[in-house]
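Here are some short exercises to work through with the structure at your side. Try each task yourself before you read the solution.

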Amino acid sequence: MKIIKVKDYKELSETAARLILEKVRANPQLVLGLATGGTPEGMYEQLVTDHRTAGTSYQQITTFNLDEYAGLPREDRNSYYTYMRQQLFDHIDIPEENVHLPNGETEDLQAECRHYEQLIKEAGDVDLQILGIGGNGHIGFNEPGTSFDSVTHVVTLDESTREANARYFSSLDEVPTHAVTMGIQTIMRAKEIVLLVSGESKADAIVRLLTEEANESFPASALLTHPNVTLIVDEEALKKV
Ligand code: GLP
């Protein structure tokens with residue numbers, strides 16, 4: 001795992017955006033795997049600014065998001081679909097049909113999981129996957145204990161994950177209990193992975209990532225066995241190392 005240590009969140013966002021832009025410019029047909037959460041917001045802001053000022057085009061880029069809440073309408077202000085529209089897609093020139101997120105509203109979530117996994121395979125898998133990490137080591141919504149062989153599946157969210165994400169909802173009760181997520185195997189099939197970790201709340205997760213062997217009780221540790229992972233981490237997150 002290559003490690004890029006940065007000073008703070010601003011530098012993390014700029015570094016991550018630069019890395020994406022290099023790849024998008026080198027391969028205008030890149031298949032990009034995208035993440036939600038607080039961490040990538042600054043990176044998306046940089047990409048939007050670049051599109052406005054330098055005009056980097058996403059006309060032929062395909063995107064697959066990691067995950068989506070189950071049971072929230074796509075238009076709900078807390079769906080990851082809405083997040084992605086607001087953070088990125090509404091501000092760049094990517095065609096709607098090139099954008100993919102799991103559909104969390106459907107009656108048949110199992111069928112949706114199979115369909116989403118199939119779409120990713122048909123696209124030739126993700127070229128560059130952006131990841132954040134949960135305090136408990138989750139990637140996407142793959143909670144501790146998830147098999148490293150997992151493909152896109154329905155998950156029951158950990159209470160700690162619901163609590164961490166409750167800041168976006170009016171109350172904890174409103175946070176969905178389930179989600180659809182790419183599996184760990186799906187993520188690991190990406191040719192390149194960039195993991196973004198910022199802030200003191202991730203300091204324990206960073207210690208675990210840098211000291212443990214790959215084990216299913218700490219999902220992000222799967223990345224230790226991937227041949228092309230870059231960790232971009234700021235000083236706050238490195239505090240306990
Ligand atoms: C969320 C998302 C993950 C994200 C993680 C960390 O639940 N499903 O994809 O990486 O938790 O979020 P944050 O960046 O807000 O700390």
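**Exercise 1. Find out what share of the chain counts as buried, and how its contacts are spread.**

Solution. In this predicted model, 41% of the 241 residues count as buried. Next, take the contacts between residues at least 6 apart in sequence: 81% of them join residues at least 24 apart.

**Exercise 2. Decide how the overall dimensions of the chain fit with its length.**

Solution. Start with the parts: the chain has seven helices and 10 strands. The radius of gyration is 17 Å, and the globule rule gives 18 Å for 241 residues; these values are close, so the chain is as compact as a globular protein of that length. For a picture in three directions, the C-alpha atoms fill a box of roughly 45 × 40 × 35 Å along the principal axes.

**Exercise 3. Say what UniProt lists for residues 11-224, and describe that stretch.**

Solution. The unreviewed UniProt entry lists "domain: Glucosamine/galactosamine-6-phosphate isomerase" there. Over residues 11-224 you'll find 34% helix and 14% strand. The C-alpha atoms at the two ends of the stretch are 24 Å apart.

**Exercise 4. Trace the open sheet and work out which strands stand at its edges.**

Solution. Write down the order of the seven strands: E1-E10-E9-E6-E2-E3-E5, with parallel pairing. Now look at the two ends of that list. Strand E1 (2-6) and strand E5 (99-100) each have a single partner strand, so one side of each is left without a neighbour in the sheet.

**Exercise 5. Follow the bridges from E2 through E3 to E5.**

Solution. Begin at strand E2, residues 31-34, where both faces are covered. Val31 and Gly33 are buried on one side, and Leu32 and Leu34 are buried on the other. Step across to E3: four bridges join E2 to E3, and the two run parallel. Glycine 33 has phenylalanine 64 in E3 as its bridge partner. One more step takes you from E3 (residues 62-65) to E5, again parallel, through two bridges. Here phenylalanine 64 stands opposite histidine 100 in E5.

**Exercise 6. Is isoleucine 92 buried, exposed or partly exposed, and what does it touch?**

Solution. First place the residue: isoleucine 92 sits in the loop between helix H3 (80-87) and E5. Then count. A buried residue needs 20 or more other C-beta atoms within 10 Å, while an exposed one has 12 or fewer. Isoleucine 92 has 17 C-beta neighbours inside 10 Å, so it counts as partly exposed. Leaving aside neighbours within four places in sequence, isoleucine 92 is in contact with Val48, His51 and Tyr58. As for threonine 146, it is 54 residues from isoleucine 92 in sequence and 35 Å away in space, C-alpha to C-alpha.

**Exercise 7. Do the same for glycine 135.**

Solution. Look in the loop between strand E6 (128-131) and strand E7 (153-156). Glycine 135 has 15 C-beta neighbours inside 10 Å, so it counts as partly exposed. Not counting residues up to four places away in sequence, glycine 135 touches Ser160, Ala164, Ser201, Lys202 and Ala205. Aspartate 50 is 85 residues from glycine 135 in sequence, and the C-alpha atoms of the two are 31 Å apart.

**Exercise 8. Describe the residues that surround the ligand.**

Solution. There are 14 residues around the ligand. The closest are Gly37, Gly38, Thr39, Gly132 and Gly134. Sort the shell by type and you get four nonpolar residues, nine polar and one charged.

Methods:
Residues numbered from 1 in each chain as written. Predicted model: local features only at pLDDT ≥ 70, side-chain atom pairs only at ≥ 80, totals over all residues. UniProt positions renumbered as here; feature names shortened; annotations may be inferred. Near = placed C-beta within 6 Å. Nonpolar A, V, L, I, M, F, W, Y, C, P; charged D, E, K, R; others polar. Rg over C-alpha atoms; globule rule 2.2 N^0.38 Å. Contact = placed C-beta atoms within 7 Å. Pairing = 2+ DSSP bridges.
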